[in-house]
Amino acid sequence: MKGLPVAQSESLSSNPAPVEPIKPDHAVVVSDAVPLITRSGFEFHVRSVKPSDKEALAEFFTHVSKEDLRFRFLSAVQEVPGSLLDMLVNVDHENKEDYIAFDIDDKTIIASAMVGAKNDKSEAEVAIVVRSDYKHRGLSWTFLKYVIEEARRRGIKKLQSLESRDNYAAIELEKEMGFSARTCPGDSTLMLLEFDLTVNQPKS
């Protein structure tokens, strides 16, 4: 389940006030998506995945670099097979969720974020991947912030992200966001990044 591009940890009070994602100053214009705006001013929409998204998600992954596919799935994936797409779009929306980010046309998928939680919600793995031609717009930061708040709302206590040591951009972004980082136990080629949702807030 893995690979995300996401960066000094910051502990606040034990009962921190919720932090709302940055949202546009206009009404939501689509029925089931949340509009968000990055710090650079780029607007995009987010919603939970649906089984009918399989074809569009397959198209999305053709616009993700081979390196980012390797970071996302932690293996040399040349293309995402149908069986894996089925797993991504058929989720229970309780312990496992996949969020999809769209351009404002609400047709073009530009990023995907997976959250897979244990049954007791004590921890969950998170992974984000962004379409290559939509990088450098602040998308990863804003998308991750949204996912963190959704995980908190669902009662998840801790988020974990497994990153290849080569995925410098993701590791730095997650650390800047407030994740702690250490070598993954049992595999020195990976970094384990963790965010305690009970005490931390994502940095703005």
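Contact here means heavy atoms within 4.5 Å, and the model to which this is applied is a predicted one.

Begin by selecting phenylalanine 44, and then, leaving aside its neighbours within four places in sequence, add the residues with which phenylalanine 44 is in contact: Val34, Pro35, Leu36, Thr38, Ala101, Phe102, Ile104, Ile110, Leu139, Thr142 and Phe143.

Next, widen the view to the largest nonpolar core, which holds 34 residues, and in which Phe44, Phe143 and Leu159 touch the most other members. To see where this core comes from, colour β2 (43-48), β3 (96-102), β4 (109-117), β5 (124-130), α4, α5 and β8 (190-196), the elements that each give two or more residues to it. Of these, α4 is the one to keep selected, since the most residues in this core, 8, come from α4. Apart from this core lies another, of 17 residues, and Phe61, Leu69, Phe73 and Val77 are among them.

Now return to helix α4 (residues 139-153) and show helix α5 (residues 168-177) beside it, where the two axes come within 11 Å and cross at roughly 55 degrees. Because of that angle, α4 is oblique to α5, and the crossing in which α4 passes α5 is right-handed.

Finally, display the side chains where these helices meet: α4 brings Ser140, Trp141, Leu144, Lys145 and Ile148 to the contact, while α5 brings Leu173, Glu174, Glu176 and Met177. If you colour the contact of α4 with α5 by class, you will find 5 nonpolar, 1 polar and 3 charged residues.

Terms used. Residues are numbered from 1 along each chain as its sequence is written. This is a predicted model: local features need pLDDT of at least 70, side-chain atom pairs count only at pLDDT 80 or more; totals for chains, interfaces and linings use all residues. Side-chain values use heavy atoms; hydrogens and water are left out. Axes are lines fitted to C-alpha atoms, for helices over the stretch in contact, and angles run from 0 to 180 degrees between N-to-C directions. Helices (H or I, at least four residues) and strands (E, at least two) are DSSP runs, numbered from the N terminus. Angles under 35 degrees count as roughly parallel, over 145 as roughly antiparallel, 65 to 115 as roughly perpendicular and the rest as oblique. A crossing is left-handed if the near helix is turned anticlockwise from the far one by less than a right angle, and right-handed if clockwise. Ala, Val, Leu, Ile, Met, Phe, Trp, Tyr, Cys and Pro count as nonpolar, Asp, Glu, Lys and Arg as charged, and the others, Gly among them, as polar. A nonpolar core is a set of buried Ala, Val, Leu, Ile, Met, Phe, Trp, Tyr and Cys residues joined through side-chain atoms within 4.5 Å. Buried means under 20% relative accessible area, exposed over 50%, partly exposed in between (1.4 Å probe, protein chains only).
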